[in-house]
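Got your viewer open? Load the model, pick a display style you like, and follow along stop by stop.

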Amino acid sequence: MATVSAKSITEQSDLSALKGRISLIGLTGGIGSGKTAVSDILGKLGAGIVDTDLIAHQITAPDGAAMNLILKEFGAEFIDPNGALNRSKMRTLVFENPEARQKLEKITHPLIREETIAQANRLYRNGAPYLVFVVPLLIESTSWIGLIDYLVVVDCPVETQIERVMHRNNLPRAEVENILKAQASREERLSKANAVIENQGSLVTLEVEVQNLHQKILQIRKDSPSSS
Ligand code: ATP
């Protein structure tokens, strides 16, 4: 297969330009399931990681690309003294008010998309063996489902998710349960998975599982008829 120049990829404005040139792996799972833990290990093994959740945090950090627009749309009460988005206040607002959610997404989604495409193209040009897109609500998005070649779901019992997130974010149980209700069910996610990472044991066990996954993904690429 002819190697496509990096330039032609950069000129394409969406991720479908990468399809067929590099394996596009989706990594999802419910809140607190361990997506970051898994993508950290894959990243150390050499995978190209594009974490859309991390990008969402970056654009709403102090001086983040979304902050001026959020200030204009929602007012200073949604900004922390350090200039970052006040997440808990915004979370409460958008849970109660779908219109506010739409307004927020109209600001954040194009910025997340732009940065996701830029990072993916950069990793491709730098020779990553495959790309992993960490997307919390991947199952809920038809455009992501249509794009990726292989879906990895990180799974653990719902009670483990709740305990981890209560502990990590210092949130009350009811708030974590509300977030869970807004996400696809565990069963729905598992029914779409090409591979499942069970993350209910230790981090050492997880590491071994993820190393096996890495080998499996490298193999997919080798087995693919279009690979060069
Ligand atoms: P979110 O959807 O909220 O971004 P996530 O799916 O990325 O979460 P992580 O942040 O990787 O999940 O994990 C949630 C928390 O649980 C973190 O504090 C992490 O350190 C911890 N954790 C993840 N896996 C394990 C494990 N196997 N053993 C112990 N702690 C774990």
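## Stop one: a short helix and its start

Select Asp-51 and Asp-53 to begin: a side-chain oxygen of Asp-51 comes to within 2.9 Å of the backbone nitrogen of Asp-53, at the start of α3. Keep in mind as you click around that this is a predicted model.

Now select the whole of α3, residues 52–59. Which residues of this helix are buried? Colour Thr-52, Ile-55 and Ile-59, which are buried. Then turn the view until you look straight down the axis of α3: the buried residues fall within an arc of 55 degrees, so they line one face of the helix. The spacing rule behind this is an old friend: an α-helix has 3.6 residues a turn, so residues three or four places apart point the same way.

What covers those buried residues of α3? Switch on β2 (48–51), α4 (67–74) and α6 (98–125), then add β3 (130–134) and α7 (142–147); the cover includes these five.

## Stop two: out along the loop

Follow the chain out of α3 into the loop between α3 and α4, and pick Asp-63 there. Check its backbone: Asp-63 has a positive phi of about 65 degrees, although it isn't a glycine. Is Asp-63 buried or exposed? With a relative accessibility of 81%, Asp-63 counts as exposed.

## Stop three: salt bridges

Time for some charged pairs. How many salt bridges does a search of the whole structure find? The search turns up nine, and the tour visits some of them.

Start with Glu-73 and Lys-103, which form a salt bridge with the closest N and O atoms 3.8 Å apart. Glu-73 sits in helix α4 and Lys-103 in helix α6, so this pair ties together parts that are 30 residues apart in sequence. Put a surface on and look at both ends: Glu-73 is partly exposed at 40% relative accessibility, and Lys-103 is partly exposed too, at 37%.

Next, select Arg-91 and Glu-175, whose side chains meet in a salt bridge at 3.1 Å, N to O. This one links distant parts of the chain, with Arg-91 in helix α5 (residues 87–96) and Glu-175 in helix α9 (residues 173–181), 84 residues apart. Arg-91 counts as partly exposed at 23% relative accessibility; Glu-175 is partly exposed as well, with a relative accessible area of 23%.

Stay on α9 and pick Arg-173, which forms a salt bridge with Glu-159, the closest N and O atoms being 2.7 Å apart. Here the link runs from Arg-173 in helix α9 to Glu-159 in helix α8 (residues 158–169), 14 residues apart. Add Glu-177 to your selection: salt bridges that share partners join Glu-159, Arg-173 and Glu-177 into one network. As for accessibility, Arg-173 is partly exposed at 33%, and Glu-159 is partly exposed at 36%.

## Last stop: between α8 and α9

Finish in the loop between α8 and α9, where you'll find Asn-170. What is the phi of Asn-170? Asn-170 has a positive phi of about 55 degrees, although it is not a glycine. With a relative accessible area of 69%, Asn-170 is exposed.

Terms used: Residues numbered from 1 in each chain as written. Predicted model: local features only at pLDDT ≥ 70, side-chain atom pairs only at ≥ 80, totals over all residues. Heavy atoms only, no water. Buried < 20%, exposed > 50% of the residue type's maximum accessible area, 1.4 Å probe, protein only. Helix = DSSP H or I, 4+ residues; strand = E, 2+ residues; numbered from the N terminus. Arc of directions from axis to C-beta. Contact = heavy atoms within 4.5 Å. Polar contact = N/O pair within 3.5 Å; in protein donor to acceptor, adjacent residues only side chain to side chain. Salt bridge = Lys/Arg side-chain N within 4 Å of Asp/Glu carboxyl O.
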